[in-house]
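Open the structure in your viewer and keep the sequence panel beside it. The tour below says what to select at each stop and what is there.

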Amino acid sequence: MTTRLYTHPIFLEHITPPGHPERPDRLRAIERVLDDEAFAALDRVKAPEGDEATILYAHPADFVARVRAAIPDEGIARIDADTTASPKSWQAVITAIGAANAAVDDVFTGRADNVFVAARPPGHHAEKTTAMGFCFFNTAAIAARYAQKKHGAERVAVVDWDVHHGNGTQDIFWDDPSVLYCSTHQMPLYPGTGAKNETGAGNIVNAPLAPQTGSEVFRDAFLSRVLPALDNFAPDLIIISAGFDAHHRDPLAEINLTEDDFDWATGQLMQRATRHSGNRLVSLLEGGYDLQGLAFSVAAHVGRLMKG
């Protein structure tokens, strides 16, 4: 398997307040673990700046203008209770979108079998017209629409294993049967969405997990709900909203997964990508706030992408 990694120094320049869990050190921890010789074969590419017009694939123009206007010239500006912006945040956001769209290009043109995008800020909480939960724009949703518009993908699946429900992705694709959204997440927990009966146009599959859930229940949710939905949908592309905050060390939730669970889940999705999608799989970093748990989980995830 050819696995490509996109990242960029600009992602370190999206500055959050002291003590904020979504901080630049997250990417530094990932960079350190992927510097190991075990990842020597990883195809490392500097993330390109994105086309701002592609944001409109998932968000209206007036909302995009409001977010851009909120970026401060200096210091830190608050977007909502959890989400802040600093002077380089816009460039970081645009580069994250550029990396995700470039990853879609790579898997459709054969430059890579799969791609991991190590970017920040994350995106899956951003609804059509609301920035929230550390997220400005919904990178996964933009990438899914980009695959449809640029590469003619008829069906795109977004699988979200972040411990927090991706309310934004669900909101954007709620009534769109051309996109399947599957999520495992702790419930109750922020943002309060993601019940099993939230099914959209039959294209939303939520598998909420109770606090203190461990590997067995998580894997059963995958086997009983997520994977059958993928097989029935037969996507042309699988996008992973790869949050690693369901790790047992994470301070923001109470799910007790280990890095082996992320290895296993990655392998299961790769099997479906082989079966349905010509191996096309793009993984986008979302959450993960304990630096050790994040680093070990990303290493397991990327290692599995490389092994095939």
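## Salt bridges

A search of the whole structure, which is a predicted model, finds 18 salt bridges. Side chains of opposite charge can pair when their charged atoms come close.

Select E13 and K88 to start. These two form a salt bridge, and their closest N and O atoms are 3.1 Å apart. E13 sits in the loop between β1 (3–7) and α1, while K88 sits in the loop between β4 (84–85) and α3 (89–109), so the pair ties together parts that are 75 residues apart in sequence. Is E13 buried, partly exposed or exposed? With a relative accessible area of 33%, E13 is partly exposed. K88 also counts as partly exposed, at 34% relative accessibility.

Next, select K150 and D105. Their side chains meet in a salt bridge of 3.5 Å, N to O. K150 belongs to helix α4 (residues 139–151) and D105 to helix α3, so this pair ties together parts that are 45 residues apart in sequence. Colour the two by accessibility if your viewer allows it. K150 counts as partly exposed, at 49% relative accessibility. D105 is buried, with a relative accessible area of 13%; the value counts as buried because the cut-off is under 20%.

Stay with helix α4 and select R145 together with D176. The side chains of R145 and D176 meet in a salt bridge of 2.7 Å, N to O. The pair links distant parts of the chain, with R145 in helix α4 and D176 in the loop between α5 (167–172) and β7, 31 residues apart. R145 and D176 are both buried.

Now select R4, D43, D106 and R111 as a group. Salt bridges that share partners join these four into one network.

## Strands β6, β7 and β8

Select residues 179–186, which make up strand β7. How many of the residues of β7 are buried? Eight of its eight residues are, and the strand is mostly covered. Show the side chains: V179, Y181, S183 and H185 point one way from β7, and L180, C182, T184 and Q186 point the other way. All of these residues are buried.

Add strand β6 (residues 156–160) to the selection. β6 and β7 run parallel and are joined by five bridges. To find one of them, pick A157, whose bridge partner in β7 is L180.

Then add strand β8 (residues 204–209). β7 and β8 also pair in the parallel sense, over six bridges. Here, pick S183, whose bridge partner in β8 is N206. Why can β8 be called largely enclosed by the rest of the structure? Five of its six residues are buried, so the description applies.

Within β8, select P208. P208 counts as partly exposed, at 25% relative accessibility. Draw a distance from its C-alpha to that of H185: the two are 5.1 Å apart in space, and 23 residues apart in sequence.

## Backbone details

Select R120 and P121. The peptide bond from R120 to P121 is cis, with omega near 5°. P121 is in the loop between β5 and α4. Another cis peptide bond runs from M187 to P188, again with omega near 5°. P188 lies in the loop between β7 and β8.

Move on to Q212, in the loop between β8 and α6 (215–233). Phi of Q212 is near 75°, a positive value in a residue other than glycine. N279 has a positive phi too, near 70°. Look for N279 in the loop between α7 (259–276) and β10 (281–285). At 21% relative accessibility, N279 counts as partly exposed.

## A buried loop residue and a charged patch

Select F137, in the loop between β5 (114–117) and α4. F137 counts as buried, at 2% relative accessibility. Its C-alpha atom is separated by 21 Å from that of K46, and the two residues are 91 apart along the chain.

For the last stop, show the surface and select E31, D35, D36 and E37. What do these residues form? Together they form a negative surface patch. One of them, E37, is found in the loop between α1 (25–34) and β2 (43–46). E37 counts as exposed, at 72% relative accessibility.

Methods: Residues numbered from 1 in each chain as written. Predicted model: local features only at pLDDT ≥ 70, side-chain atom pairs only at ≥ 80, totals over all residues. Heavy atoms only, no water. Patch = residues over 30% accessible without salt bridge, like charges linked within 9 Å, V, L, I, M, F, W, Y side chains within 5 Å. Areas by Shrake-Rupley, 256 points an atom, 1.4 Å probe, with all protein chains shown as cover. Lys, Arg positive; Asp, Glu negative; His and termini not counted. Charge placed at Lys NZ, Arg CZ, Asp CG, Glu CD. Helix = DSSP H or I, 4+ residues; strand = E, 2+ residues; numbered from the N terminus. Buried < 20%, exposed > 50% of the residue type's maximum accessible area, 1.4 Å probe, protein only. Pairing = 2+ DSSP bridges.
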